Amino acid sequence: MTPEQFSFFADLVKAGSGIALNPGKEYLLESRLNELARSLGLDGLDELYRKARHEMTPSLKEAVVEAMTTNETYFFRDQHPFEALRKEILPGILDRNRPGRRLRIWSAACSTGQEPYSIAMVLREHFPETAAWHVEILATDISARALEKGRAGRFTQVEVNRGLPVTYLLKYFKQDGAFWIADEALRKLVRFQQRNLLEPFASLGAFDVVFCRYVLIYFDTETKKAILDRLARALRPGGVLFLGATETPVWLPEGLAKEVHGKTYCWRRKDPAAADA
């Protein structure tokens, strides 16, 4: 990969997704784009580069960006955030929301859906009262391919072996040959939607809980700040933001306060009404 090719594709990916590819990532970029080129019937990276420079289409741009997204995920990833959600976060939020019986949770950068399905299982297993509530778990990602898989709720044996307790597997999934499929009631709790975190998301409304884990690490500082600011504004007063275990921000938007729950850090939007009570 030439320096010109690296610069061109790195700029393209940054503009399309916010992912910052710094020098030293040439091998990663080259290997993924060679694979993309083969899937498009092209000879290799050189032909893909020529086509992207002179015959760029929206679908080709989306394919290049998607080739560089990382879809690493698994059920109940890190475990501790889900314990905090169950023991410390949801009980208070449900008490507050009980008059209207509504709950909204956002799993941003959800990849193939293991995180939002994990949240759904926490609700069904530990908060059965919410079956009579209006509950929405919004699951978004930039990758249409990942969302398609998540929407189907269809996982391999290897995927369900990563983090999913056997009791939950047998209770909430059914086997279909070499795959396991999330049951219909679980899938109905989760709504998948393609969404780029670089784009405005005020139209999504406000949420009681937002998970946005292991994606900010791919952005530069200014992009992180902009996304964190908009995530904070997407929280209802008293709502909680979960980031990845390695994503403790050096800068926080005004109105967010850090909380510690066991081994988990999260950030709560201050609630003026609670402070005045």
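A residue is taken as buried when its relative accessible area is under 20%. In the predicted model described here, Cys266 has a relative accessibility of 0% and therefore counts as buried. Cys212 is likewise buried, with a relative accessible area of 0%. The structure holds zero disulfides, a disulfide being a pair of cysteine sulfur atoms within 2.5 Å. For Cys212, the closest cysteine sulfur belongs to Cys110 and lies 11 Å away, which is too far for a bond. Cys266 also takes part in no disulfide, its nearest cysteine sulfur being that of Cys212, at a distance of 14 Å.

Among the helices, α4 comprises residues 58-67, and its buried residues are Leu60, Val64, Val65, Glu66 and Ala67. The elements that cover these buried residues include α1 (3-17), α2 (26-39), α3 (45-54) and α7 (144-152). The packing of two helices is described by the angle between their axes together with the distance between the axes. For α1 and α4, the angle is about 95 degrees and the axes are 9 Å apart. Since angles of 65 to 115 degrees count as roughly perpendicular, α1 and α4 are therefore roughly perpendicular to each other. On the α1 side, the contact is made by Phe9, Leu12, Val13, Gly16 and Ser17, which meet Lys61, Val64 and Val65 in α4. Sorted by class, the residues in this contact of α1 with α4 are five nonpolar, two polar and one charged. Val64 and Val65 thus appear both among the buried residues of α4 and among the residues of α4 that meet α1.

The strands include an open sheet of seven, arranged in the order β6-β2-β1-β7-β8-β10-β9 and with mixed pairing. The edges of this sheet are occupied by β6 (190-194) and β9 (256-261), each of which has a single partner strand, so that one side of each is left without a neighbour in the sheet. From one strand to the next, the twist averages 20 degrees. The pairing of strand β2 (residues 134-141) with β6 is parallel and consists of five bridges, and within these strands Leu138 stands opposite Arg191 in β6.

A further open sheet is formed by three strands in the order β3-β5-β4, and here the pairing is antiparallel. The edge positions belong to β3 (154-156) and β4 (173-176), and because each has a single partner strand, one side of each is left without a neighbour in the sheet. Neighbouring strands of the three-stranded sheet are turned by 35 degrees against each other on average, when direction is ignored. Strand β5 (residues 179-182) is joined to β4 by four bridges, the two strands running antiparallel, and Gln175 stands opposite Trp180 in β5. In the hairpin made by β4 and β5, two residues lie between the strands, and Gly177 takes a positive phi near 65 degrees.

Notes
Residues numbered from 1 in each chain as written. Predicted model: local features only at pLDDT ≥ 70, side-chain atom pairs only at ≥ 80, totals over all residues. Heavy atoms only, no water. Buried < 20%, exposed > 50% of the residue type's maximum accessible area, 1.4 Å probe, protein only. Contact = heavy atoms within 4.5 Å. Pairing = 2+ DSSP bridges. Axes fitted to C-alpha atoms, helices over the stretch in contact; angles between N-to-C directions. Parallel < 35°, antiparallel > 145°, perpendicular 65-115°, else oblique. Nonpolar A, V, L, I, M, F, W, Y, C, P; charged D, E, K, R; others polar.
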